[in-house]
Amino acid sequence: MSISQVRFMGPQLEKQKQLPAPLIAFRGIRNPLVNDTVNFQGGSKATPVEGRREFNWDLRDLFLKIPKTELHLHLSGSTPIPVIREILREHGMKEDDVIKNTTFSTDYDGLDGFLKVYYKIAWVVKTPEHFKKSAYQICMDAAAENVKYLEIRTSCIDKDGTPDEILQAVTDGINKAKEELKAKGFDQKAKIIVLAQRHHDPKEGLEHAKIAEKWSKKPDSLVVGFDVAGPESGFPITFHEESIRYAKNAGLKVTVHAGETPSSKYVPSEKLKPIFGDKEIEVKPVEAIKKAIDYGADRLGHGVHLYDDPAVLKEVIDKQIPIESPPKCNVQLGSVKSYKDHPIKKMLDDGVNVSLSTDNRALSGTNLHHEYEQLYVHDVVTSWTDIKKLVMNGVRSVFLPQEEKQQLVKQFEAELKAIENDPKYKALIDKYLTPTKKAISFMGMKINKLLNNKAA
């Protein structure tokens, strides 16, 4: 298998002078845009060459300029590869082995295949100091793509440190980044979601919910929510009803991974029976969405099977329950066959409150501006109207008190308005992201081509 190089955010070194204002402001920050390359084996299913529309650097400039929220981001799977490599070097690993152990294919064989890589890479992040480094660098890198608000989710049990030490480390990393960014004129908010693993003992899930409750009540705490994540296949959401309901009743905001995989059938085994019982259980993906809502979920992660049941779809639309959608991850893990099959555009058209996220930035080799690019080049989301919907759906769905949320909403509205009023960006929007004008431009090119061929 050949080795190809994939950049986190795409631009080549010679393009540095074309970086938009948000990035120019951070030339002093280690920036994956210009100085870090990660090797992956082979190509990614998420970025096929065939069927892609033309893209150019000017549009990348626009996509970077868009203010962004990141609502579905796992700390361990998003820890920048340079940080992972730094940790491995600290443990005395030889350089060749460092590179070998952080080189992997993004052509994942479903969620299980992804998790094999996830646990190999993500479990390098173990100690409080590791968590601090990770949280800090995630925030700094996100700022380079104009992410103004992000929620970092992580479990905190069974680490090389107590749950309190882990959450304090994540808090310290976020605050360190916030102060450095503020000194450079960039205002970023970041919060923490405590995460329970659905393939772990439900008692541990309940313990995570209680830890989240305790931390949410601390002065100046960054903990705002609770999540149930991990492999949906084999571990139905029903196992964690108690922890979800507990978190909700404790006043926490709750998000749940639901409707990501085709099925979550639990089959008892000698290993699992002592934890999950001896009764076979199957929960269909859309049923998982419904149960998550019934248990009290404020947001849903993935939700690609939302259209399997019109009644559940209607409830999600009527209640405006936000869907955190990471399209590239969904394609890579086989939740959908391709970008064309992804329901995000249909969700936008039908009034679903869907926003864009990355899930596991490092392991997917992506970030938010890249997600916008991929939706565009695969002809999924190609209008400025839909892009604004994704942006505003995200900011209206953050886990913040209402007053803070409204301030952030106004800030995002003002930034989008400023983009539209800027002659440079207005021209790009008119040319590439306005359906009628795009169609006219396309017809003009076809006519010119015909005339040229006739003249020849």
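A disulfide here is a pair of cysteine sulfur atoms within 2.5 Å. I looked for those to start with, and the structure holds 0 of them.

**Ground rules.** I'm working on a predicted model, where local features need pLDDT of at least 70, side-chain atom pairs count only at pLDDT 80 or more, and totals for chains, interfaces and linings use all residues. Residues are numbered from 1 along each chain as its sequence is written, and side-chain values use heavy atoms, with hydrogens and water left out.

**Cysteines.** I checked how covered two of them are, taking buried as under 20% relative accessible area, exposed as over 50% and partly exposed as in between (1.4 Å probe, protein chains only). Cys 156 is buried at a relative accessible area of 0%. Cys 329 comes out at 1%, so buried as well.

**Whole chain.** I count helices (H or I, at least four residues) and strands (E, at least two) as DSSP runs, numbered from the N terminus. That gives 22 helices and 11 strands in the protein chain. Of its 456 residues, 57% are buried. For contacts I use heavy atoms within 4.5 Å; among those with a separation of 6 or more, 77% join residues 24 or more positions apart. The exposed area (Shrake-Rupley, 1.4 Å probe, with only the protein chains shown counting as cover for residues) is about 19600 Å², and carbon and sulfur atoms supply 51% of that.

**Helix α9.** Does the length come out straight or bent, I wondered, so I looked up the span. The expected value is 1.5 Å times one less than the number of residues. For the 21 residues of α9 (163-183) that is 30 Å, and the end C-alpha atoms sit 31 Å apart, which agrees. Buried residues in α9 include Ile 166, Val 170, Gly 173 and Ala 177. An α-helix has 3.6 residues a turn, so residues three or four places apart point the same way. The buried residues of α9 pack against α4, α8, β5, β6 and α10. After the helix comes Gly 185, with a positive phi near 90°.

**Strand β7.** I moved on to residues 223-229, where 7 of 7 are buried. Pairing needs at least two DSSP bridges between the strands. β7 pairs with β6 in the parallel sense over 6 bridges, and Phe 226 is the bridge partner of Val 194. β7 also runs parallel to β8 (253-258), over 4 bridges, with Val 228 opposite Val 256.

**Handedness.** I call a crossover right-handed if, with the strands pointing away from the viewer, the path from the first strand over the helix to the second runs clockwise. β7, α11 (241-249) and β8 make a right-handed β-α-β unit.
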